[in-house]
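Please work through the following exercises with the sequence and the three-dimensional structure in view. Each task is followed by a solution in steps.

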Amino acid sequence: MSSNITANWSYPTSVKLGRGRIKELADACKSLGIKKPLLVTDRGLASMAITKNALDILEDAGLGRAIFADVDPNPNEKNLEAGVKAFKDGGHDGVVAFGGGSGLDLGKCVAFMAGQTRPVWDFEDIGDWWTRASLEGIAPIVAVPTTAGTGSEVGRASVITNSETHVKKIIFHPKFLPGVVISDPELTVGMPKIITAGTGMDAFAHCLEAYSSPFYHPMSAGIALEGMRLVKEFLPRAYKEGTDLEARANMMSAAAMGAVAFQKGLGAIHALSHPIGAVYNTHHGMTNAVVMPAVLRFNRAAIEEKIGRAAAYLGISGGFDGFYDYVLKLRSDLGVPETLTAMGIAPDRIDELSAMAIEDPSAGGNPVAMTLENTKALFRDCF
């Protein structure tokens, strides 16, 4: 396979994958009827060359030059309110969600909330709460990922942290799914190694948890399996040599696959990392990577046979144990901290974190039912 991987997919939305395809940004906006987009990204990306280039492309096409970047690493409702205000004050009619998980999640949520009068928490991913939304005024979205991890560019939800309770909430609506995605691997070459590792392990965690989830969804399971294979083959390459465009493009595919696959469910990895991230502001993907081995041990009895099949597909010998050892080696090669203690977190809030974990929507997809008691034990095992 050459470094010039190019593809147009219409699954689960219109995806334009390939190097240099950022130049199609203005056309993507126009195809959705957007005449005055607001580019939403995070503070770190605001001043970078890739962001300025995207704004140049929009401006040169007569679509204006507007950016909102007041976004925290774990976006909250205050960022969201400010973003919606910027959107309305600027008379915008669409959003270019640009960046990693935080820029994408907040951008999607700004486009959605531009049409709502109810508070964002009314659209949490619970039952049919999404049906409360007014469809009028939801703005179209073009998503441009600059990392390869969350897969938020092909997702129908955003994770927003409640700044008062420090709880991460999943906000869901079918209209969160962007109309066009531009996945240009050249935008990801500037990622620092630690972000390449953290986002790549996020993609792996999505695939692993979706595959392990007990719910019936063979389509997602198949996508998750191939997503894990792409991570195994290409994440070490992208980590070692950031300009390896073949590896970068395949990691962008793996990230999107993880997000498509987790329709089948997530599990304890995410149920633990959401509260840790909300309370301690840690990097989501890296937190997933830290707790992953403890969760594999926790779930072993329920997933041993399934993981054995995955190991065979991934070319790993030794069934579950072989797979487990592979995960340990991958983490070590990517410089992932071995425990939560090594990540700088003290075990003094386990009770509180455990209570938050069993309330997290991801908990319901774990192969072993999570109770307050066994979740406390699992947390202790992560330190």
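**Exercise 1. State how many helices and strands the protein has.**

Solution. The secondary structure consists of 13 helices and nine strands. Helices (H or I, at least four residues) and strands (E, at least two) are DSSP runs, numbered from the N terminus. The model is predicted: local features need pLDDT of at least 70 and side-chain atom pairs count only at pLDDT 80 or more, while totals for chains, interfaces and linings use all residues. Residues are numbered from 1 along each chain as its sequence is written, and side-chain values use heavy atoms, with hydrogens and water left out.

**Exercise 2. Determine whether the radius of gyration agrees or disagrees with that of a compact globule.**

Solution. Step one is the expected value: for 383 residues, a compact globule would have a radius of gyration near 21 Å. This rule is 2.2 Å times the number of residues to the power 0.38, and the radius is taken over C-alpha atoms. Step two is the comparison: the protein has 20 Å, which agrees. Step three adds the extent of the C-alpha trace, about 55 × 50 × 40 Å along the principal axes.

**Exercise 3. Give the share of buried residues and the share of contacts between residues 24 or more positions apart.**

Solution. Buried residues make up 58% of the 383 residues. Here buried means under 20% relative accessible area, exposed over 50%, and partly exposed in between (1.4 Å probe, protein chains only). Next, consider contacts, defined as heavy atoms within 4.5 Å. Among contacts with a separation of 6 or more, 76% join residues 24 or more positions apart.

**Exercise 4. Locate the domains and describe the contact between them.**

Solution. The domain assignment gives domain 1 (14-188) and domain 2 (193-381); such bounds come from an automatic or database domain assignment. The centres of domain 1 and domain 2, taken over C-alpha atoms, are 25 Å apart. The contact takes 22 residues from domain 1 and 27 residues from domain 2.

**Exercise 5. Describe the surroundings of two residues in helix 7, Leu 235 and Ile 223.**

Solution. Begin with Leu 235, which lies in helix 7 (residues 218-240). Leu 235 counts as buried because its relative accessibility is 1%. Leaving aside neighbours within four places in sequence, Leu 235 is in contact with residues including Thr 196, Met 251 and Leu 334. Asn 250 is 15 residues from Leu 235 in sequence, and their C-alpha atoms are 8.6 Å apart.

Turn then to Ile 223, also found in helix 7. Ile 223 is buried, with a relative accessible area of 17%. Not counting residues up to four places away in sequence, Ile 223 touches Tyr 11, Met 257, Val 260 and Ala 261. Ile 223 and Ala 261 are 38 residues apart along the chain, with 6.0 Å between their C-alpha atoms.

**Exercise 6. Identify the backbone features at Pro 12, His 166 and Asn 281.**

Solution. First, a cis peptide bond joins Tyr 11 and Pro 12, with omega about -5°. Pro 12 lies in the loop between strand 1 (7-9) and strand 2 (14-17).

Second, His 166 has a positive phi near 55° and is not a glycine. This residue, His 166, sits in the loop between strand 7 (157-162) and strand 8 (167-172), and is partly exposed at 41% relative accessible area.

Third, Asn 281 has a positive phi of about 60°, although it is not a glycine. Asn 281 is placed in the loop between helix 9 (268-280) and helix 10 (284-314).
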